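Visitor: Please give me a close look at the surface of this one, and then work inward from there. I'd like it in plain bench talk.

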Amino acid sequence: MSSKKIRISLDNKNIEVPVIEGTLGYKAIDTSTLNKEHLFSYDPGFTSTAACKSAITFVDGEKGELLYRGYPIEQLAEKCDFLDVAFLLFNGELPTFKEKELYSSTINGQSLLHDQLNNVFRGFRRDAHPMAVMVGVVGSMAAFYFDNMNINNKNHRKQSANKLLAKVPTIAAWSHTYNLGLPFVYPKHDLSYVANILNMMFSSPNKPYHVNPIITRAFERILILHADHEQNASTSTVRLVGSTGANPYACIASGIASLWGPAHGGANEATLKMLNEIKNESRINEYIKRAKDKNDDFRLMGFGHRVYRNRDPRAEIMKVTCHEVLDELGLNNEPLFKLANTLEKIALEDEYFIEKKLYPNVDFYSGIVMKALGIPNSMFTAIFALARTAGWIAHWHEMMTDSDNKIGRPRQIYTGRTQRDIP
Ligand code: SDX
């Protein structure tokens, strides 16, 4: 904790506020008491606001570094599986062999849904977007798993966190098969977390799915890359909803809803849509021009980031994974991948993108990989959501133990009419 202070002089008044320092990253001015001086800080979009203290994930936007509990994302993507990472995010340490065995069997053992939850799916149109189904069904979990749960009890929080980590993949996979009018395929006790997701999505009663270890490993890496990213929009949504004391299922359903936006988790689906629209390399310059045109609301999807003003380390790992999957599937002449490569090259050499520090983000290549894996566009963000559930439950749990935690209630700069009477 820094002992430094900063002085603000305004209207012949001198106000001193403390400076806060964490273990890594920027120092912060503690503006929490400014309201006592009848002052607010103004920061739409929270570009310069630390909304909380957290020990879970650190992002260095200048260096392009991402740490989960201090471990670099490159090492986690290489050496761990998704449940190792989920355990790490929630508990702060990687699991021992015994802890991992227990965690895997606990999560696998809870991967089935209450049989009545199946009926909630049936309330949706078959062509409903999987994210709409996920928001609805995850929110409905509160009607099935919330009785005698005390969110202030650490063990109760752990139990609901495990339920969410175990059941959200089943809900995501079933959102896909429901869309296709296919019967639900149940999770199996002898498949890994990730193999179960692929099996539930792609097998059917008359056609077993062949679990390809290279594809499974690539999919595992995609989930690890998407597991957490500090105080992004959807995680901040989960924290804000959680700060009201709402149940964990409502919190995660709100995170899924927030992630859906094309400026956030919906960008992977939007990136693929954009690549399909660009179609071939001869049209790239036309779209780059549009992306730079202030009068055109078109943006280069999969490019730019609020925090990364340098490389997004996840994008680079995703690009390598993309190559591996396309090679494994004999798709290395996949036109979309070649188009994305050329688009990336042209954009990175363009003055506008250089000056505004716009680089490919995690969503630029993820859509191509997931398409190659046979995952339909509409499921890309659903996959992002099931991965980010690991981060959301960790942040919710951390927030519930934070002594600074209080209901989130931002203020405003009022620009409306002064008081007046109805004539
Ligand atoms: C994710 O926060 C997270 O951590 C998110 C995430 C996570 O893991 O949770 O990393 C996941 O959401 C990745 C981002 C996915 N979104 C996209 O790929 C959509 C395309 N990108 C943009 O919409 C944008 O870059 C954002 C939303 C990602 C970031 O927006 P910011 O930080 O608010 O940036 P900005 O709008 O202030 O842009 C700064 C300038 C602007 O120009 P000026 O007003 O200064 O002239 O850069 C321009 C923008 O117009 N710009 C772009 C652009 N992104 C920013 N111009 C063209 N194409 C783009 N993609």
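Guide: Let's start with the nonpolar surface patch of about 350 Å², which is built from F40, Y42 and I413. Keep in mind that this is a predicted model. Within the patch, look at Y42, which belongs to the loop running between β3 (28-29) and β4 (57-60). Its relative accessible area is 63%, and the cut-off for exposed is over 50%, so Y42 counts as exposed.

Staying with surface-accessible side chains for a moment, try E21 and K27. Their side chains meet in a salt bridge, with N to O at 3.7 Å. At 33% relative accessibility E21 is partly exposed, and K27 is also partly exposed, at 47%. The general idea is simple: side chains of opposite charge can pair when their charged atoms come close. Across the whole structure, a search turns up 21 salt bridges, so let me pick out two more.

One of them joins the side chains of E74 and R311, at 3.4 Å from N to O. This pair links distant parts of the chain: E74 sits in helix α1 (residues 73-79), while R311 is in the loop between α13 (284-292) and α14 (313-328), 237 residues apart. Both ends are partly exposed, with relative accessible areas of 34% for E74 and 25% for R311.

The other salt bridge takes us inside. The side chains of D84 and K100 meet at 2.9 Å, N to O. D84 lies in helix α2 and K100 in helix α3 (residues 97-109), so the salt bridge ties together parts that are 16 residues apart in sequence. Here both partners are buried: D84 has a relative accessible area of 14%, and K100 comes in at 16%. Going back to the E74 pair for a second, salt bridges with shared partners join E74, R311 and E316 into one network.

Since D84 has brought us to α2, have a proper look at that helix. Nine of the 10 residues of α2 (residues 82-91) are buried, so the helix is largely enclosed by the rest of the structure. The buried ones are F82, L83, D84, V85, A86, F87, L88, L89 and F90. Note that D84, the salt-bridge partner of K100, is in that list. The two ends of the helix have their own details. At the start, a side-chain oxygen of D81 comes within 3.1 Å of the backbone nitrogen of L83. After the helix comes G92, with a positive phi near 95 degrees.

Now for the ligand. It is surrounded by 25 residues, and the closest are H229, H305, R306, R314 and R388. By type, that shell splits into 10 nonpolar, seven polar and eight charged residues. For individual polar distances, go through K294, R299 and L300. A ligand oxygen is 3.3 Å from an N or O atom in the K294 side chain, and a ligand oxygen is 3.0 Å from an N or O atom in the R299 side chain. With L300 the backbone is involved: a polar backbone atom there is 2.8 Å from a nitrogen atom of the ligand. Taken alone, the ligand would expose 1,100 Å², and the protein buries 78% of that.

Two of those closest residues are handy for looking a bit further out. H229 sits in the loop between α9 (213-225) and α10 (233-242). With a relative accessible area of just 5%, H229 is buried. Its side chain also makes a polar contact, at 2.9 Å, with the side chain of Y308.

From H305, look across to K357. The two are 52 residues apart in sequence, while their C-alpha atoms are 8.9 Å apart in space. K357 is in the loop between α16 (351-355) and α17 (363-372). At 42% relative accessibility, K357 is partly exposed, whereas H229, which is also among the closest residues to the ligand, is buried.

Key: Residues are numbered from 1 along each chain as its sequence is written. This is a predicted model: local features need pLDDT of at least 70, side-chain atom pairs count only at pLDDT 80 or more; totals for chains, interfaces and linings use all residues. Side-chain values use heavy atoms; hydrogens and water are left out. Patches are made of residues with over 30% relative accessible area and no salt bridge: like charges are joined within 9 Å, nonpolar side chains (Val, Leu, Ile, Met, Phe, Trp, Tyr) within 5 Å. Accessible areas come from the Shrake-Rupley method with a 1.4 Å probe; for residues, only the protein chains shown count as cover. A salt bridge is a side-chain nitrogen of Lys or Arg within 4 Å of a carboxyl oxygen of Asp or Glu. Helices (H or I, at least four residues) and strands (E, at least two) are DSSP runs, numbered from the N terminus. Buried means under 20% relative accessible area, exposed over 50%, partly exposed in between (1.4 Å probe, protein chains only). A residue is near a molecule or strand if one of its heavy atoms lies within 4 Å of it. A polar contact is a pair of N or O atoms within 3.5 Å; within protein, one must be able to donate a hydrogen and the other to accept it, and residues adjacent in sequence count only if both atoms are side-chain atoms. Ala, Val, Leu, Ile, Met, Phe, Trp, Tyr, Cys and Pro count as nonpolar, Asp, Glu, Lys and Arg as charged, and the others, Gly among them, as polar.
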